[in-house]
Amino acid sequence: MALIELSNISKIYDTGSVTVKALDKVTLSIEEGEFVVVLGPSGCGKTTMLNLIGALDTPSRGTVTIGGFDLSTGNRSSLSRIRRNTVSFVFQSFNLFPGLTAEENVQFGLDVSGNKSEYTAANVLADVGLENRSTHFPHELSGGEQQRVAIARALATSNPILLADEPTGELDFETGKQILKLLVSQANMNRAVLVVSHNREIAQIADRVIQLSSGQIISDGPPIDGKKDVDSLRW
Amino acid sequence: MSYRALWVKWILRDLRSRWIQVILISFVIAIGTGTYSGLSSTTSWRLKSNDASFSKTNMHDFKVYSQTGNLFQEGKIREVLAPLVKNGLITGIEERLSLPTQIKAEGINGAIIAPGLLVGIDKSKGASQIDKLHLTEGDWGSYDTGSKIDYAVLDHTFAETNGIPNSSIIELPGNKKIKVSGTGLTPQHFIPINDSGLGFGGVFAIVYMPLEKVQHIRNQEGKTSESLITISDPENPENLKTELKLLLQQSFPNYGIGIEGKKEDRVYKLLYEGADADQKFYHVIGIAILLGAVFAAFNLTVRVVQSQRREIGIGMAMGASLLGLAARPIILGINISILGTIFGIFVGKLINGAMRNVLMQELPLPIWLTPFEPKYFLWVGIGGFLAPIIATLVPVIFGLNIQPVEAIRTGHLAPIRKGLSPLLSRLPLPGNTFWQMPFRNLLRTPRRTFLTMLGIAGVIGVMTSVLGMVDSFTLTLDKATSESSIKESPRIEVVFNSFQPVDAAIFTYLKDKQGVSKIQPVIQFAGTAKNKKANNSDIEINLLTTIIDFQNTMWRPTLVSGKYPEEPNEILISSAAAKSLEVTSGDQVLVNHPIITVQGSPGFLETQFTISGIHPHPFRAYSYMVPSQTKKSGMYGLAGGVWIQTDQSADLDNIQTDLYSIAGVSSVRESGINDRAMKEELKGQMDILKIVQFIVLFLALLIAFNTASINMDDRAREHATIMAFGLPVSKIMLMSIIESATLGLLASIAGLGIGFLLLDYFINTVFASALPEIGMYLAVSTATYATTIILGVFAVGIAPIFAIRKLTKADIPSSLRILE
Ligand SMILES: Nc1ncnc2c1ncn2[C@@H]1O[C@H](COP(=O)(O)OP(=O)(O)O)[C@@H](O)[C@H]1O
Ligand SMILES: [Mg+2]
């Protein structure tokens with residue numbers, strides 16, 4: 001069984017006057033070590049999908065299975081365990097802890113997952129190029145820097161699934177490339193990496209590209225022009 | 001949709017999402033304003049009720065009596081004062097015979113033997129006209145021709161406290177059986193009082209009977225002990241008083257004529273001064289609760305509005321009108337204000353009701369007027385109304401004053417500004433990041449933490465002071481009982497009608513009496529003392545002086561400092577007296593004490609005494625001198641009473657009753673009876689404290705809960721992020737509890753400090769003036785310290801649990817989506 005299995009997933013939001021089908025009968029499986037880019041216009045259901053995989057939300061129909069565990073059978077504590085030890089999130093809106101410094105936010109990732117590796121929060125922060133921002137609070141960081149801290153926090157957990165919602169959205173070209181390299185290297189360490197983007201360029205470095213439109217998968221496969229190296233990207 | 005309609009919708013939406021907080025905050029205000037007005041009203045009630053009760057019973061303006069205890073021939077005073085009646089200066093004279101007595105009765109808790117007063121009331125005009133008896137139940141009894149039994153009206157408080165029903169039989173000395181035909185009150189005894197000047201409700205019995213019955217029972221035919229007088233110009237009694245005194249002294253030389261004005265009456269004074277002292281006490285408690293509550297409500301409102309600061313910034317960035325931006329928070333504030341006022345009146349009425357019950361129980365006046373007093377609500381009501389509105393303005397003005405970019409950037413989650421916060425928030429803390437979070441949260445907004453803590457601390461402080469007050473009462477009572485009692489068996493104190501030579505037959509008789517192991521003749525008299533230094537001479541206190549042989553084997557006071565008197569003109573006083581007079585061992589005081597002159601007539605003399613030492617009994621008046629003093633005061637070889645120590649096996653009640661039947665014995669009582677009276681007195685205070693304690697605890701919980709609930713809202717996104725990382729709700733709850741409990745701990749510690757200050761004020765200022773005759777000891781027990789800390793930590797700590805729904809029902813994806 002694949003690491004991530006979505007079978008016949010629908011997510012329907014009913015706000016009273018309007019019903020939104022954010023996801024419509026999505027079936028999907030992702031293996032360990034796969035680097036997947038999810039493409040699609042804004043509002044097509046990308047974040048919704050990540051939330052379902054991350055056990056943050058429950059589908060209206062269908063089942064989500066993570067590491068062989070059917071999320072719909074999970075209670076509160078088993079879902080917490082999945083979030084703690086299986087998936088890690090880079091949120092589109094960062095969601096850093098305003099009361100913790102950059103390094104402490106990363107440390108939180110280490111602490112919460114119980115990751116006992118030699119790698120320290122400072123090391124991870126250095127990986128995203130923020131070694132000299134470690135004592136800054138989130139409100140003292142630029143949007144791009146906040147985003148990198150959010151990425152570092154997710155990396156620090158070393159969980160087998162990494163979910164990144166528009167991780168390069170706020171980043172300039174050079175920094176964006178650096179982050180993408182980092183993400184690719186995570187996949188090379190046998191993690192499943194799911195990156196959501198609306199940027200077609202990024203899709204070129206993926207093992208697999210999934211295109212969403214109005215909540216449905218309209219294509220799923222390797223990049224059309226073949227997989228490229230991060231260094232060859234232009235945007 | 002028009003612009004205005006949009007704002008209206010927005011405002012309504014605010015209210016809908018905040019209504020629980022709006023209600024809870026308005027409740028905090030309501031408890032503050034309601035408690036204050038509820039407690040404050042009592043003073044006005046007491047004054048009104050005093051006025052009405054004294055006027056309804058037509059209280060005398062003057063009481064004429066003999067300081068030496070001589071009795072008057074009935075009608076004699078009326079005769080002497082006839083000219084003044086004729087010219088209209090005196091409007092009424094009524095004679096009474098009041099004599100000390102003992103009563104035996106069967107109450108719900110068994111037999112009672114109590115000292116008391118037998119009061120004969122002149123009913124020759126049908127009913128008494130001055131100091132009228134107010135019947136609370138029954139009547140004077142109907143004397144059928146030939147009926148053997150006499151009837152009496154028993155003091156209301158005594159009957160009620162001891163559960164003595166109407167038509168039960170009570171017994172006066174000499175096996176005199178009397179049927180209780182009713183219960184009632186007269187103004188001189190609205191509060192039953194004995195020589196110690198303490199309220200003696202339930203311990204001291206007043207028995208009312210027709211004058212001629214009392215004269216007959218006590219073999220004092222045609223005698224009266226006092227005359228009650230009303231005058232035409234009660235506002236200016238002084239001249240008439242002088243005139244009366246001259247007139248009566250001429251007619252009754254050697255009587256030591258005393259004329260006591262209405263305002264000098266001890267009960268009258270106690271009732272009005274008590275109302276005054278209550279005023280201070282309730283004011284301080286009420287104000288402390290009010291301040292704590294309004295302050296807390298202010299903080300909470302600020303916090304609610306602060307969460308809109310970012311929106312204000314965005315609005316400013318888009319050029320929205322200031323009025324529009326301010327309208328949302330201000331309307332929220334107005335809502336809190338209106339609800340707070342409505343609830344406040346409600347809480348005020350509730351507390352009024354509780355206080356009304358306690359007061360009516362403690363002070364059985366004939367008339368109780370307890371209307372809702374809007375004036376006490378008015379000012380605090382206005383304050384309580386304005387506080388939330390001002391509270392909403394503060395963050396709005398702050399918000400409008402800063403650059404919009406700042407407001408947008410910071411958001412409400414990280415209001416880190418200048419001052420301590422940057423330093424504190426970097427304070428290195430041990431442990432995991434998530435165990436650090438509670439402390440980081442407290443440290444990153446030190447001012448908010450401090451203000452929240454202060455609000456809770458104020459409330460906890462009131463509670464500590466209330467607990468401390470109970471501790472102090474208890475310690476004071478303990479001091480009294482341990483000082484008064486003899487280890488093996490109680491001491492009976494017998495007072496004679498008049499001085500007896502120490503070799504009189506009665507002493508031999510008592511010594512040989514069955515059950516008596518030891519006797520000790522004593523002299524006890526009332527006097528006053530003041531500091532010898534001129535500047536302090538205005539402080540004058542009452543003394544109840546006992547002359548005893550300090551080497552006696554029965555009992556003697558203990559010493560806290562100095563030594564026992566050895567020479568005449570040395571006196572042992574209480575520590576409370578020393579405090580009032582601002583003196584210590586070795587200092588001089590001027591004592592005004594009775595003497596018996598060579599001619600045998602009593603009088604008073606001011607003599608300089610040296611304070612030899614100080615004893616710990618809380619009754620300020622208790623003081624002691626050596627037997628050789630009697631040589632100086634003409635009392636040598638005499639005794640005014642005797643102390644009796646009984647065998648351990650002796651039946652105390654029987655001995656007491658026997659003693660009463662001995663001719664010349666005027667009162668018999670157990671040595672600890674005054675302590676019991678003090679207990680009764682303090683019990684009334686404790687009842688009120690219980691109400692206060694309850695309010696305060698509730699208020700602390702409410703504030704803590706509000707704070708926790710707002711915290712939960714503020715941190716919804718943070719919590720959602722934590723949950724996304726897989727920390728379970730229980731752990732987040734634990735983090736919140738740790739944060740709250742830490743806040744509670746800080747608040748408890750500060751509260752202890754505030755509580756101690758309040759307690760000190762209550763004991764040393766308020767009680768010192770309310771119950772001057774009791775020297776209160778100040779104590780804060782370990783239990784109080786522990787209770788305060790535990791309750792503070794616990795009550796505040798558990799508050800987040802009540803907001804757990806906010807976590808379990810949290811919509812994680814939605815919370816995470818919001819970009820801030
Ligand atoms: N809580 C919600 N209630 C109603 N509609 C929602 C909710 N969350 C998302 N949607 C809708 O679902 C659709 C998919 O949203 P999302 O997955 O965030 O899109 P994106 O692909 O941009 O990440 C959008 O049309 C959005 O309006
Ligand atoms: Mg999205």
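A:Asn8 is partly exposed in this predicted model, and its relative accessible area comes to 44%. The residue sits in strand E1 of chain A, which covers residues 4–14. Its backbone is worth a look too: phi is near 55°, a positive value in a residue that isn't glycine.

A:Phe94 also has a positive phi without being a glycine, this time about 60°. Here the setting is a loop of chain A, between strand E6 (87–90) and helix H3 (102–113). Is A:Phe94 buried or exposed? It has a relative accessible area of 10%, and since buried means under 20%, A:Phe94 counts as buried.

Staying with chain A, A:Gln216 belongs to strand E10, residues 216–221. At 37% relative accessibility, A:Gln216 is partly exposed. Once you set aside neighbours within four places in sequence, A:Gln216 is in contact with A:Asp24 and A:Gln211. A:Thr86 is 130 residues away from A:Gln216 along the chain, and the C-alpha atoms of the two are separated by 26 Å.

For chain B, B:His189 is a handy residue to look up. You'll find B:His189 in the loop between strand E8 (176–185) and strand E9 (205–210). B:His189 is buried, at 10% relative accessible area. What does B:His189 touch, not counting residues up to four places away in sequence? The list is B:Leu117, B:Val119, B:Asp155, B:Ile206 and B:Tyr208.

Here are the residues so far, plus one from helix H12 of chain B that comes up again below.

| Residue | Location | Relative accessible area | Class |
|---|---|---|---|
| A:Asn8 | strand E1 of chain A | 44% | partly exposed |
| A:Phe94 | loop between E6 and H3 of chain A | 10% | buried |
| A:Gln216 | strand E10 of chain A | 37% | partly exposed |
| B:His189 | loop between E8 and E9 of chain B | 10% | buried |
| B:Phe439 | helix H12 of chain B | 31% | partly exposed |

Next, a helix with cover from both chains. Helix H2 of chain A spans residues 76–85, and its buried residues are A:Ser78, A:Leu79, A:Ser80, A:Ile82, A:Arg83 and A:Arg84. Which elements cover them? From chain A, the cover includes strand E4 (61–66), strand E5 (69–70), E6 and H3. Chain B contributes as well, with helix H19 (716–724) and helix H23 (812–817) among the covering elements.

Now for chain B as a whole. Its secondary structure adds up to 23 helices and 22 strands. Along the principal axes, the C-alpha atoms of chain B fill a box of roughly 100 × 60 × 55 Å. Of its 820 residues, 57% are buried. If you take the contacts in chain B with a separation of 6 or more, residues 24 or more positions apart account for 81% of them. Chain B exposes about 34,000 Å², and carbon and sulfur atoms supply 59% of that area.

Helix H20 of chain B, residues 729–770, packs against helix H12, residues 433–444. The two axes come within 9 Å and cross at roughly 40°, which makes H12(B) oblique to H20(B). The crossing is right-handed. On the H12(B) side, the residues that meet H20(B) are B:Phe434, B:Trp435, B:Met437, B:Pro438, B:Phe439, B:Asn441 and B:Leu442. Their counterparts in H20(B) are B:Lys731, B:Leu734, B:Met735, B:Ile738, B:Glu739, B:Thr742 and B:Leu743. By class, this contact has 10 nonpolar, two polar and two charged residues.

Why might contact residues recur along a helix? An α-helix has 3.6 residues a turn, so residues three or four places apart point the same way.

B:Phe439 deserves its own mention: despite meeting H20(B), B:Phe439 is partly exposed, at 31% relative accessibility. B:Phe439 and B:Met735 are 296 residues apart along the chain, with their C-alpha atoms separated by 9.2 Å.

H20(B) also packs with helix H13, residues 446–484 of chain B. Those axes are 5 Å apart, at an angle of about 45°, so H13(B) is oblique to H20(B). H13(B) passes H20(B) in a right-handed crossing. The contact residues divide into 18 nonpolar, 11 polar and no charged.

Note on methods: Residues numbered from 1 in each chain as written. Chains lettered and ligands numbered in written order. Predicted model: local features only at pLDDT ≥ 70, side-chain atom pairs only at ≥ 80, totals over all residues. Heavy atoms only, no water. Axes fitted to C-alpha atoms, helices over the stretch in contact; angles between N-to-C directions. Helix = DSSP H or I, 4+ residues; strand = E, 2+ residues; numbered from the N terminus. Parallel < 35°, antiparallel > 145°, perpendicular 65-115°, else oblique. Left-handed = near helix turned anticlockwise from the far one by under 90°. Contact = heavy atoms within 4.5 Å. Nonpolar A, V, L, I, M, F, W, Y, C, P; charged D, E, K, R; others polar. Buried < 20%, exposed > 50% of the residue type's maximum accessible area, 1.4 Å probe, protein only. Areas by Shrake-Rupley, 256 points an atom, 1.4 Å probe, with all protein chains shown as cover.
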